[in-house]
Amino acid sequence: QVRLAESGGGSVQAGGSLRLSCAASGFISTLNAMGWYRQAPGQQRELRKLVASVTRGGDTEYAISVKGRFTISRDNAKNTVSLQMNSLKPEDTAVYYCSADLPGFRYWGQGTQVTVSS
């Protein structure tokens with residue numbers, strides 16, 4: 001069992017910044033990629049979209065819509081992953097979910113709301 005504890009999020013005006021953090025605990029000896037997904041208001045869970053991910057080796061992947069504005073980072077020693085979000089736009093408004101991959105299964109955090117007003 002893996003538990004993901006998220007922190008950060010909140011409300012900000014367009015152009016502002018927020019930082020999300022996520023700490024993994026439990027059976028994490030084989031933790032692979034970690035990342036962040038988001039689910040826009042009214043969307044079903046199946047439509048949750050990748051924002052950014054980072055492998056244990058440090059390879060990163062970003063959604064096109066956030067490239068150059070968001071930065072994902074990971075601390076393998078602490079089993080944490082963070083997402084620095086700059087130049088936020090109203091369309092970034094969503095519930096953001098931390099994810100952690102173990103062989104054959106993806107774990108999810110409880111989600112944290114990010115609201116960007118124009």
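Here is a short tour of this structure, from its core and its disulfide to its rings and two unusual backbone angles. The model is a predicted one. Strand β9, residues 94–102, is a good place to start, with S99 as one of its residues. This strand also supplies 5 residues to the largest nonpolar core, the largest share of that core.

**The nonpolar core**

- The largest nonpolar core has 31 residues. W36, L83, M85 and Y96 are the ones with the most contacts inside this core.
- At least two core residues come from each of β1 (2–8), β3, β4 (34–39), β5 (49–54), β7 (70–75), β8 (80–85), β9 and β11 (112–117). Among these strands, β9 gives the largest share, with 5 residues.
- Y96 is worth finding in the view. Leaving out residues up to four places away in sequence, Y96 touches E6, L20, W36, Y37, R38, V51, F70, L83, M85, G111, T112 and V114. That list includes W36, L83 and M85, which share with Y96 the distinction of having the most contacts inside the core.

**The disulfide**

- The structure has 1 disulfide. This bond joins C22 to C98, with an S to S distance of 2.1 Å.
- The bond links distant parts of the chain: C22 belongs to strand β3 (residues 18–26) and C98 to strand β9, 76 residues apart.
- Both cysteines, C22 and C98, are buried.
- The torsion about the S-S bond of C22 and C98 is about -80°, so this disulfide is left-handed.

**S99 in strand β9**

- S99 lies in strand β9. Is S99 buried or exposed? With a relative accessible area of 3%, S99 is buried, because buried residues are those under 20%.
- Apart from neighbours within four places in sequence, S99 is in contact with L4, A33, M34, G35, W36, Y37, R106, Y107 and W108.

**Aromatic pairs**

- How many aromatic pairs does the whole structure hold? A search finds 2 of them.
- One pair is Y37 with W108: the ring centres are 5.0 Å apart and the planes stand at 75°, so this pair is edge-to-face. The two residues come from distant parts of the chain, with Y37 in strand β4 and W108 in strand β10 (residues 105–108), 71 residues apart.
- Y37 is buried at 12% relative accessibility, whereas W108 is partly exposed at 27%.
- F105 and Y107 form another pair, with ring centres 4.7 Å apart and planes at 65°, so they too are edge-to-face. Y107 is buried, with a relative accessible area of 17%.

**R48 over two rings**

- The charged end of R48 sits over the ring of Y97, 3.5 Å from the ring centre.
- R48 also lies over the face of W108, at 4.6 Å from the centre of that ring. W108 is the ring partner of Y37 described above.

**Two positive phi angles**

- Most residues other than glycine have a negative phi. Two residues here are worth a look with that in mind.
- N79, in the loop between β7 and β8, is not a glycine, yet its phi is positive, near 55°. N79 counts as buried, at 16% relative accessibility.
- S87 is in the loop between β8 and β9, and its phi is positive at about 50°, although S87 is not a glycine. At 41% relative accessibility, S87 counts as partly exposed.

Notes. Residues are numbered from 1 along each chain as its sequence is written. This is a predicted model: local features need pLDDT of at least 70, side-chain atom pairs count only at pLDDT 80 or more; totals for chains, interfaces and linings use all residues. Side-chain values use heavy atoms; hydrogens and water are left out. Helices (H or I, at least four residues) and strands (E, at least two) are DSSP runs, numbered from the N terminus. Buried means under 20% relative accessible area, exposed over 50%, partly exposed in between (1.4 Å probe, protein chains only). Contact means heavy atoms within 4.5 Å. A disulfide is a pair of cysteine sulfur atoms within 2.5 Å. A nonpolar core is a set of buried Ala, Val, Leu, Ile, Met, Phe, Trp, Tyr and Cys residues joined through side-chain atoms within 4.5 Å. Rings of Phe, Tyr and Trp (its six-membered ring) pair if their centres lie within 6.5 Å; planes under 30 degrees apart count as stacked, over 60 as edge-to-face and the rest as tilted. A charge sits over a ring if NZ of Lys or CZ of Arg is within 6 Å of the ring centre and within 35 degrees of the ring normal.
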